[in-house]
Every structure is written in structure tokens, then in C-alpha cells.
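Let's take a walk through the hollows of this protein and the places where its helices pack together. Have the model open beside you as you read.

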Amino acid sequence: MPLSTSRRLALLTSASLALLAGCGSSSDSADAESAPAKVPVVASTNVYGDIVRSIGADKVDVTSVISDPDQDPHSYEADTQNQLALSKAKVVVENGGGYDDFVDRMLKSGHNDSAQVINAVRVSGRTAPKGGELNEHVWYDFPTVARVADRISAALAKADPADAAAFSRNATAFKAGLTPLEAKEARIKKEHGGEAVAITEPVPLYMTEASGLVNRTPAAFSEAIEEGDDVSPHVLQESLALFGGRKVEVLVYNEQTSGPQTEKSEAAAKAAGIPVVPVTETLPKGEDYLGWMTANVDALASALAK
């Protein structure tokens, strides 16, 4: 029985679509095979992961080990997925200073001796003060972050020489974004230099120090909170007295490690009418490093202006 015109057209159309689909699949496969491989990078936290993405753009594949605010880098235990990523990484960015020792442990167990490892604390050149402890939270120190950006650019260029110029341009653009932050700190220092602040942990100290502010919190209090230890009743009362006597202008509060003792500090500050500036250790969801730090510095300036 002869086919009708409409039936012949339908069959021809189906055949044509099948041919096009087949051609498209072949082309897509070829494109995928010809696409350059991305540089595998592992960052200990999403703070450094975001900086790597700012510099590497679409030329990098970044795994950030710590991205959940509930994860504590000091006590983090490796999982299989992160262990695998570290075993294949060409570039690794860690904070150092005892903050994220799990990175070195995983690199060793993964037998990845060829990875370029960038240790932010070593890049900073900072050391513990005489008789004191090193403040390892160097991502709040903008000059250090600029140097880390340069090291990331150089490491990516070594892993992917063809895109070295792009990495350099991106690093320059990223560092340009740090300049306004340092200018904001300088402005705070000019307007409020010498004024006293309290903290719950050393996390924001590089920012407050660059802003010319003096930390009045007993070291025994902030160090105990950082280590997860109990604060003695005497030290706690000494800390709370800062607010009752209005000896400080602002409380800078690490909201990722709140507990009964830090909550008492927050309550005492609010009761005394002292502004509380919340900060975090890891990058909040949906934000980038520069936007996050801009918000932190602006919040500090606004609190001091009240």
C-alpha cells in the first residue's frame, strides 16, 4: 500500500531529526574531549576556596573542605571524598598555624607529594608574640590576603602555563578589591584610634588592630573560648565588667562558636547599650570574600559611630 504524502513527510522529518541528533552528540563528544582540563585545587575552607575561584575563574576545579559553619577546623576529621580530592590536587591552599592541620595529615596519607601547598600563615610572615600565642586567623589581615592571592596566581600558572596571564590579571583585580577595605580601616583608625573593644575570640583581631582599636578582653577568656575550654568564674567576671563599667565601645562576637559564656558577654553588652558586631570564621552562604569583608568592616565602623 503506497504511503500518503503526510506519512512520507513524517518519516523524513523523523529521520532528519535523528541524523541531527546523532551529529550533535558526536560534536558534543568531540568538544568535551577537546576541552582543556581544569586545575584541581583543594582549599581547607571556603574562604580560601572563594579566593582561588576569583583568580582561577573557569580554569580551576575547587574543593573547599570546610564550608559548613558548624564544622570546626581544629577538630575536623577527613572523609573519603575530601581525601580523594586532596590526593589528586595540583594546588592546595591551607591556613596553617595549627588551624587546619587535617590538610597536611590527608596529604601525607594520600601520598600527594607533588601538590603545590600554599600555607597562608607562612606567607604572612607572622609569628607568635613573646610570651603569647599566634593569632592564626590571617584571612582577616588584608595585606596577607593580597600576598596569598599572588601565591595562588603563581601556583596556578605553574600548573597551567597557558593561562598564566589570565591568572595574573585576575589576581590584580582581586587585590584591587582589597584596597577599599584597607582604606576603610584607615578611616576607622583616624576617627576612633585608641578606642577599646571586646572580643569573644581572636578571630577579628587583625581587622580591629588595623583599625587602631585596642582589645581589652582578658587573654584567658578569648583563648579558652577558642580552645573550647571553660572560662574560670574570676576571668568571666573580669570580662563581664568591661560592659557594666562601659570600658569598651563595641563587642565583636564570633557567632560560630557561641555558648553559655559568650552569650553572657553578648547579653551584658546589650544590657549596657554597647553595640555587638557579629563575625564568622567561614564564608557565609551566597557571599564572596570581598563582599563579606566589606560588610564586616562597615559593621564595625557603624557600631563605633553610634
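Two helices, α8 (205–210) and α9 (219–227), each give at least two residues to the lining of the largest pocket. Of these contributions, the one from α9 is the largest share of the lining, at four residues. Keep in mind that this is a predicted model. The pocket itself has a volume of about 370 Å³. It has 19 lining residues, and those closest to its centre are E133, N135, P202, L205 and E223. As for chemistry, the lining is a mix: seven nonpolar residues, six polar and six charged.

Now for the enclosed space. How many cavities of 30 Å³ or more does a search of the whole structure find? The search turns up one. The largest cavity holds about 40 Å³ of space. Around it sit A198, I199, T217, F221, S239, L242, F243, L251 and S265. Two elements, β5 (196–199) and α10, give two or more residues each to this lining. The largest share, three residues, comes from α10. Charged residues are absent from the cavity lining, which has six nonpolar and three polar ones.

On to the helices. Two packed helices are described by the angle between their axes and the distance between the axes. Here are three pairs to look up in the model:

| Helix pair | Axis angle | Axis distance |
|---|---|---|
| α10 (233–244) and α11 (260–271) | roughly 20° | within 8 Å |
| α6 (142–159) and α7 (164–192) | about 175° | 9 Å |
| α2 (46–56) and α6 | roughly 55° | within 10 Å |

Start with α10, since you've just met this helix at the cavity. α10 crosses α11 at roughly 20°, so the two are roughly parallel to each other. Their crossing is right-handed. On the α10 side, the contact uses L236, L240 and F243, which meet Q261, K264, S265, A268 and A269 of α11. Sorted by class, the residues of this contact are five nonpolar, two polar and one charged. Two of these names may ring a bell: F243 and S265 are also among the residues lining the largest cavity.

Next comes α6 with α7. What is the angle at which these two helices pack? It is about 175°, with the axes 9 Å apart, and that makes α6 roughly antiparallel to α7. There's a long list of partners here. From α6 come F142, P143, V145, A146, A149, D150, S153, L156 and A157, and they meet A164, F167, S168, A171, F174, K175, L178, L181, E182 and E185 of α7. The contact has 13 nonpolar residues, two polar ones and four charged ones.

Helix α6 has another partner, α2. The axes of α2 and α6 come within 10 Å and cross at roughly 55°, so α2 is oblique to α6. This crossing is right-handed. On α2, the contact is made by I51, V52, I55 and G56, while α6 brings V145, A149, I152, S153 and L156. Seven of the contact residues are nonpolar and two are polar, with no charged ones. Look again at V145, A149, S153 and L156 of α6: they also belong to the contact with α7.

Conventions: Residues numbered from 1 in each chain as written. Predicted model: local features only at pLDDT ≥ 70, side-chain atom pairs only at ≥ 80, totals over all residues. Heavy atoms only, no water. 1 Å grid on protein atoms, 1.4 Å probe; cavity = no way out; pocket = protein on both sides within 12 Å on 5 of 7 lines; lining within 4 Å. Points joined across faces, edges and corners; volume = space filled by probe spheres on them. Nonpolar A, V, L, I, M, F, W, Y, C, P; charged D, E, K, R; others polar. Axes fitted to C-alpha atoms, helices over the stretch in contact; angles between N-to-C directions. Parallel < 35°, antiparallel > 145°, perpendicular 65-115°, else oblique. Left-handed = near helix turned anticlockwise from the far one by under 90°. Contact = heavy atoms within 4.5 Å.
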